[in-house]
Amino acid sequence: MDCLFCKIAEQEIPAHTIFEDEVVKCFLDINPDSNGHLLIIPKKHFVELDDIDENTVLHIFQISQQMKKLLATKLNYDGLKIVQNNGVLQEVKHFHIHLIPYYKEEKPLQSLPEIAEILTK
Ligand code: AMP
Ligand code: ZN
């Protein structure tokens, strides 16, 4: 299937991976809204929220909790926005959750390798 995020899940296309297990992969958004903008995907191809089986939804949200904690600890954000687009709002048609940190003081964007190092070291 010609799906960008399936290719990232299968390592055919590189990404700055922060965490992965058999079910999910978490990687930095290539065009971040802020430092630490993270995407969480199931490795299996689903399009929208209601396409996913209950166990996988639960696991994705458990990992989202862990990633939220990681971003809080390592990047010291002031707030965090969670976005999940469906339908015409969704650009990449493979289910994904955005975790988007918010900082009261606007910070310059750091490079993805720099942010990946902070989040994985
Ligand atoms: P959405 O509108 O929710 O489908 O958002 C898709 C997101 O995927 C956007 O924020 C893009 O910046 C991001 N994106 C597109 N291509 C890549 C890629 N190769 N690696 C990481 N993120 C990507
Ligand atoms: Zn896919």
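I will talk about the zinc site, the surroundings of ligand 1 and the internal cavity of this protein, all in a predicted model.

Let me begin with the zinc ion, which is ligand 2, and whose protein donors are the SG atoms of Cys3 and Cys6 together with the ND1 atoms of His45 and His94, lying 2.0 to 2.3 Å from the metal. If you look at the angles among the four donor atoms, you will find values of 106 to 116°, and the site is accordingly classed as tetrahedral. Along the chain, these donors of the zinc ion follow the spacing C-x2-C-x38-H-x48-H, and both of the cysteines, Cys3 and Cys6, are buried.

Turning now to ligand 1, there are 16 residues around it, and those that come nearest are Asp29, Glu91, Val92, His96 and His98. For Asp29, a polar atom of the side chain lies 2.5 Å from an oxygen atom of the ligand. Glu91, by contrast, takes part through its backbone, where a polar atom is 2.7 Å from an oxygen atom of ligand 1, while in His96 an N or O atom of the side chain is 2.7 Å from an oxygen atom of that ligand.

Finally, which residues line the largest cavity? The lining is made up of Leu28, Asp29, Pro32, Ser34, Asn35, Gly36, His37, Leu109, Gln110, Leu112 and Ile115, and these divide into five nonpolar residues, five polar ones and one charged. The space inside comes to about 40 Å³, and the count of cavities of 30 Å³ or more is one. Please note that Asp29 appears in this lining and also among the residues nearest to ligand 1.

Notes. Residues numbered from 1 in each chain as written. Chains lettered and ligands numbered in written order. Predicted model: local features only at pLDDT ≥ 70, side-chain atom pairs only at ≥ 80, totals over all residues. Heavy atoms only, no water. Donors = N, O, S within 2.8 Å, 3.2 Å for Na, K, Ca; no water. Tetrahedral: all angles 85-135°; square planar, octahedral: opposite > 155°, others 65-115°. Buried < 20%, exposed > 50% of the residue type's maximum accessible area, 1.4 Å probe, protein only. 1 Å grid on protein atoms, 1.4 Å probe; cavity = no way out; pocket = protein on both sides within 12 Å on 5 of 7 lines; lining within 4 Å. Points joined across faces, edges and corners; volume = space filled by probe spheres on them. Nonpolar A, V, L, I, M, F, W, Y, C, P; charged D, E, K, R; others polar. Near = heavy atom within 4 Å. Polar contact = N/O pair within 3.5 Å; in protein donor to acceptor, adjacent residues only side chain to side chain.
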